[in-house]
Amino acid sequence: MADHTLAVPDHSLVGTDHPLIIGQEFLDVETCQRTVPDHSLVVTDHSLVIGQEFLDVETCRRTLKEIAIALHFELRIVKSDRSRFIAKCSKEGCPWRVHVAKCPGVSTFSIRTLHGEHTCEGVRNLHHQQASVGWVARSVEARLRDNPQYKPKEILQDIREQHGVAVSYMQAWRGKERSMAAVHGTFEEGYRFLPAYCEQLRKTNPGSIALVIATGQENCFQRLFISYRASIYGFINACRPLLELDRAHLKGKYLGTLLCAAAVDADDALFPLAFAIVDVESDENWMWFLSELRKLLGVNTDNMPRLTILSDRQRGTVEAVETHFPSAFHGFCLRHVSENFRDEFKNTKLVNIFWNAVYALTAVEFESKISEMDEISHDVIQWFQRFPPRLWAVAYFEGVRYGHFTLGVTELLYNWALEGHELPVVQLMEHIRHQLTSWFNDRRNMGMGWNSILVPSAEKRILEAIADAPCYQVLRANEVEFEIVSTERTNIVDIRSRICSCRRWQLFGLPCAHAAAALISCGQNVHLFAEHCFTVVNYREAYSQMINPIPDKSLWKELGEGAEGGGAKADIAIRPPKTRRPPGRPKKKVLRVESFKRPKRVVQCGRCLPAVCVPKILKVVYLVASNNKASRHFHSVVELHTTMVADLGKVIIQMPAGYNVEYAQDAILNSSLLVEANFPGSWKLILTETRGLVIHELIDGLLILHLLHVFHF
């Protein structure tokens, strides 16, 4: 290998493409760190010369390791102490050697002796002795600063591509852990800094609420509650009286649960009001969270209309809402209700009718859908007793959902937990604050650019209502009441009370097509009859306040005065909770965000003829065999197909709606059918033509076939 004798800058520091000047200012420490990376860990010129200086012996070690990895040779350290560092090439007979000693009177080290020529072939494989966990940590530090989700698998792949070195998965994982601790601090430090963080938050954002609660003699973390004054002001003065409650489980070292209460702004975007981290999800912690939320709103609730609260209505949330918000309307999230209904009945036709019942605006429409479901399955009535319609059905729910039937906060919390599960608790709170700050700034600027009366989403609905208004005949009864006649039905509109008998105006807060027709007939501006919470003025008011930045933690005073408003004092060292993440890779739950606007579409096989000509057998829905692999696809001459599963006597197949059982029987019996299913063990089942297959009955859309002949081998 060649002797590299080109000089490098002092202290092995490498210049950048972005020059720095004396007196240059930075917003904070993080900006400074991003702008001026630690170049003592980055070596781009791999040359060494006699007299070259290093800041200290540790910088010298790291620099030589970087050079050894870059030039593909391995170091063998001969001597390393406070005053000298001697290393040579690990290959026997190779003369490469370097001697670094401390400069007299200063803390720097310089190269005294250097034999820079290699006679060996160097390292010819991908494994390198100097590629330690510490080297991996330094290599990925800059990337992890911007992307905490940088995975060990990606780390080892990037290191191999950039440095030509192979590291193990465990090295990559440990390197990431060490680098995360250096960049973001350890999980234990995160809990220790919580009291000081809360104090800084209250100082920089006056009127905000931030408190942390510890428990036990060891001061173990139990609860953290945060709500910014900007969010409190925006919700009370400009948002709809609607709150969504949900939680997300954290997967960090000490687990925990993230709780959140979020409102909805004028343009249907989520507006986080308050959030908390608790050691474990429990009824007591939900009761505490709702009590803090009640205190937050207590001073101003007299000026607010009755709240509508949406949640998955678990026992803890139900009791907490009843205790602290007794006058609020507490409704189900329809995603949880629909999943329970679908899992219990497993019938596509029933599920589709169920959604039609959910969106029915009047009690008459709702009851007609219930009758349809009762004809299919009598168990539906018992299910409705466990899930009363007054808690979720549009026709019976007394609160105002404004068209929000599912919890949008679920996806938000899922993303927060996913993005921040690698971060200590203080860094997680900072991640959430940064996102809230960005939302407030972006939406504030966006709102200032709107010139209409209503926000875009409300404007779109109003224009649709105005477009449909000419379809109706308007009969004016008096100054405020109108009769709206159409081919389907007649509706009564009261423009003073803002009521329509179709109930859309009351439920969504915006004039429906019937109301638009009445208002246009008397020369009124339809936009002015929307609720005030949909106006651009309210949108701007919601985001009018600022979320101020928090100084870097190096500027905090860990010892300070007691916290205002309760909670742990700033001079109390809080320890992590007792809960710990179990060993092994945590299970990942993919959040299923479904569309609830329309029923599911039934997918049919492309080889089938049109339904009017040949009936179709779809898929197995009830599995009675001991081994679900005992199945086989079959096709007959009339293109009937399915997956058949047998248990020595019965095959159950789901049929599409409106299927004619007599026609199905004729089609099957008149076809040449061959089915063969191999079962684990000492037997197989063979059905030849139609001797062993007879349609028995059709119950609730399930075609039950009985097997008459079973042959054992």
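This text walks through strand pairing, salt bridges and ring contacts in a predicted model.

Start with the strands toward the N terminus. Strand 3 covers residues 84-89, and strand 4 covers residues 97-102. The two run antiparallel and are joined by five bridges. One position to look at is Lys 88, whose bridge partner in strand 4 is Arg 97. Strand 4 also pairs with strand 5, residues 109-115. That pairing is antiparallel too, with six bridges. Here Val 98 faces Leu 114 of strand 5 across the pairing. Strands 4 and 5 make a hairpin, and six residues lie between them. In the turn, Gly 105 takes a positive phi of about 85°.

Move on to the strands with higher numbers. Strands 13, 14, 15 and 16 form an open sheet in the order 13-14-15-16. Its pairing is antiparallel. Which strands form the edges? They are strand 13, residues 473-476, and strand 16, residues 499-500. Each edge strand pairs on one side only. Strand 15 spans residues 490-494 and meets strand 16 through two bridges, again in the antiparallel sense. Within this part of the sheet, Asp 494 stands opposite Ile 499 of strand 16.

Now turn to charge. Across the whole structure there are 19 salt bridges. One of them joins the side chains of Glu 58 and Arg 61, with 2.9 Å from N to O. Both residues belong to helix 2, residues 57-70. They are three residues apart, so about one helical turn separates them. How accessible are the two partners? Glu 58 is partly exposed at 32% relative accessible area. Arg 61 is also partly exposed, at 22%.

Another bridge takes us back to strand 3. Arg 84 and Asp 81 meet through their side chains, at 3.2 Å from N to O. Arg 84 falls within the residue range of strand 3. With 33% relative accessibility, Arg 84 counts as partly exposed. Asp 81 has a relative accessible area of 28% and is likewise partly exposed.

A further bridge connects two helices. The side chains of Arg 386 and Glu 344 come together at 2.6 Å, N to O. Arg 386 sits in helix 14, residues 379-386, while Glu 344 sits in helix 11, residues 334-345. The pair therefore ties together parts that lie 42 residues apart in sequence. Neither partner is buried: Arg 386 is partly exposed at 47%, and Glu 344 is partly exposed at 39%. Salt bridges can also share partners. Asp 246, Arg 247, Glu 281 and Asp 312 are joined into one network in this way.

The rings come next. The count of aromatic pairs is 30. Among them is the pair of Trp 355 and Tyr 359. This pair is stacked, with 5.7 Å between centres and 25° between planes. Is Trp 355 buried or exposed? Trp 355 is buried, with a relative accessible area of 10%. Its partner Tyr 359 is partly exposed, at 25%.

Tyr 359 has a second aromatic contact, with Phe 405. Here the geometry is edge-to-face: the centres lie 5.2 Å apart and the planes stand at 85°. Where do the two residues sit along the chain? Tyr 359 lies in the loop between helix 12 (348-358) and helix 13 (363-376). Phe 405 lies in the loop between helix 14 and helix 15 (409-420). The pair links distant parts of the chain, 46 residues apart. Phe 405 is buried, at 9% relative accessibility.

Two arginines complete the tour of the rings. The charged end of Arg 294 sits over the ring of Phe 325, 5.9 Å from the ring centre. Arg 401 lies over the face of Phe 397. In that contact, the distance to the ring centre is 4.8 Å.

Key:
Residues are numbered from 1 along each chain as its sequence is written. This is a predicted model: local features need pLDDT of at least 70, side-chain atom pairs count only at pLDDT 80 or more; totals for chains, interfaces and linings use all residues. Side-chain values use heavy atoms; hydrogens and water are left out. A salt bridge is a side-chain nitrogen of Lys or Arg within 4 Å of a carboxyl oxygen of Asp or Glu. Helices (H or I, at least four residues) and strands (E, at least two) are DSSP runs, numbered from the N terminus. Buried means under 20% relative accessible area, exposed over 50%, partly exposed in between (1.4 Å probe, protein chains only). Rings of Phe, Tyr and Trp (its six-membered ring) pair if their centres lie within 6.5 Å; planes under 30 degrees apart count as stacked, over 60 as edge-to-face and the rest as tilted. A charge sits over a ring if NZ of Lys or CZ of Arg is within 6 Å of the ring centre and within 35 degrees of the ring normal. Two strands pair if DSSP finds at least two bridges between them.
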